[in-house]
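Please look through the sequence and the model shown below before reading on. The text after them goes from the whole chain to some of its parts.

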Amino acid sequence: MTEALPGTDGYSADGPAGFPPRPVDERGGAVADLRRIGIDPDYWYPVAVSRAVRKERTFAAVFAGERIALYRGRSGSVHALEDRCAHRQVPLSLGVVEGDVLRCCYHAWAYRGNGRISQIPYLPKGCERPPRGVRSYPVREAFGLVFVFPGDPEKAESAPFPVLPEFGAATHRTMTFSRTVNCHYSFMHENLLDMNHQFLHRSVLGRIQPKLLGYETGPQFVEARYLFVPAGGRKDRGAGLLSAEGLGGQQTPDEITIRTQYPYQTLQAVPDGAELPSFSLWAAYVPEDAEQRVNHAYGLLMIAKPPVPGVLQLAWPLIRRFTERVFAQDRMAVEAEQRAWDEQGEDRNHEVFPLILDVRHMLRTNGVPLGAETVGDGGQQGCARPDTDGHEKDARSAN
């Protein structure tokens, strides 16, 4: 008989019958507090809704304490720069866009989209321009969102980018969400994956009996399948319309598949007897502050159009109201979890669900521990090194 090994969160590695073996913490010793693990910057992250970045205007964005100035030039392209002028550190997001150049509002230093200084208006002839500009970020615009790559820019081209074939398809219509949530991003992954919390949504979904059909886990993903069986109670009309139950609102089971594919999360709902999902959700939870206790949730809800033209258009306000109500309830719960962590100074959760133990392990092993210098340092992040003039400069900043 093989001896059970200690797994993540202090549970045995073999787990209960019917579940995959639980991963073992290869580092040994105490398991790191997941809420002190930062998100890996070497991925593409949305930092703005495209329509918020207007032509020849700036937009102040942020990723894990790093302030980013977005601006859309006259050509229509979006650029992303470190949000500080190299001169006096005034935010470039307060600047003025001239063509495809961003000019600081203070002394009118001008920057190209690659962060290089293109002009210092009052610099006398013969004086050499400072060699350093500001850091620029790789940027992509897709699915109505602006993505930046905050990590090593050399990894941007090969880094995986979301693939969403249903977005923009004639068969689907997309509802976009953009909300700030006051919690560590990991709480968001746990909330969506653990569908045993449906009691929270009883006022909008009625009584639901979720049954875990099974799940798979790997180095960078955890995927779970549930069967949602209605068990009575009043259900929001928008919920029925979203899950393709029609105007009659018949109560039918749905199979729900949820996947955390680091660092994103997806959900698909397939009604009983159907072959294709009635809707699909793609979500990213982007840390805003250096301590990563606040995240901005971006969601794309892609809803299949019913056979009858115009029905989805009529149902849209009801579906929007339903999704907002569910999100508000989830936000209440995850923000309460974060407040408990703040008050206790640590994670005192007593988790019993193997699925959540596994997703915590996956998030830990793919994340980046927040260093002691990051916590409580006034928003500074990363490894600082002295610049040539004696000032500290982020080691990741481009020259």
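The paragraphs below take up the chain as a whole, then a buried strand, an open sheet and a pair of helices.

The model is a predicted one. Its chain has 399 residues, and 47% of them count as buried. Five helices and 21 strands are found along the chain. Taking contacts between residues at least 6 apart in sequence, 60% join residues that are at least 24 apart. The accessible surface of the chain is about 19,600 Å², and carbon and sulfur atoms account for 53% of that surface.

Strand β17 covers residues 279-287. Nine of its nine residues are buried, so the strand is largely enclosed by the rest of the structure. Buried here means a relative accessible area under 20%. The burial holds for both faces of β17. One side carries Phe279, Leu281, Ala283, Tyr285 and Pro287, while Ser280, Trp282, Ala284 and Val286 lie on the other.

Which strands pair with β17? One is β16, residues 264-271, which is joined to β17 in the antiparallel sense by five bridges. Within this pairing, Gln265 stands opposite Ala283 of β17. Another is β18, residues 295-304, which also runs antiparallel to β17, with nine bridges between the two. Here Ala284 of β17 faces Tyr298 of β18. Ala283 and Ala284, named in these two pairings, belong to opposite sides of β17, and both are buried.

Elsewhere in the chain, four strands form an open sheet in the order β6-β7-β8-β9, paired in the antiparallel sense. The edges of this sheet are β6 (96-98) and β9 (117-119); each has a single partner strand, so one side of each is left without a neighbour in the sheet. Between the edges, β7 (residues 101-103) and β8 (residues 110-111) are paired antiparallel over two bridges. In one of the matched positions, Arg103 has Ala110 of β8 as its bridge partner.

The last part concerns two helices. Two packed helices are described by the angle between their axes and the distance between the axes. For helix α1 (residues 185-193) and helix α5 (residues 354-366), the axes come within 10 Å and cross at roughly 150°. Angles over 145 degrees count as roughly antiparallel, and α1 and α5 are therefore roughly antiparallel to each other. Their crossing is right-handed. Which residues of α1 meet α5? They are Ser186, His189, Glu190 and Leu193. On the α5 side, the contact is made by Leu355, Ile356, Val359, Arg360 and Leu363.

Conventions:
Residues are numbered from 1 along each chain as its sequence is written. This is a predicted model: local features need pLDDT of at least 70, side-chain atom pairs count only at pLDDT 80 or more; totals for chains, interfaces and linings use all residues. Side-chain values use heavy atoms; hydrogens and water are left out. Two strands pair if DSSP finds at least two bridges between them. Buried means under 20% relative accessible area, exposed over 50%, partly exposed in between (1.4 Å probe, protein chains only). Contact means heavy atoms within 4.5 Å. Accessible areas come from the Shrake-Rupley method with a 1.4 Å probe; for residues, only the protein chains shown count as cover. Axes are lines fitted to C-alpha atoms, for helices over the stretch in contact, and angles run from 0 to 180 degrees between N-to-C directions. Angles under 35 degrees count as roughly parallel, over 145 as roughly antiparallel, 65 to 115 as roughly perpendicular and the rest as oblique. A crossing is left-handed if the near helix is turned anticlockwise from the far one by less than a right angle, and right-handed if clockwise.
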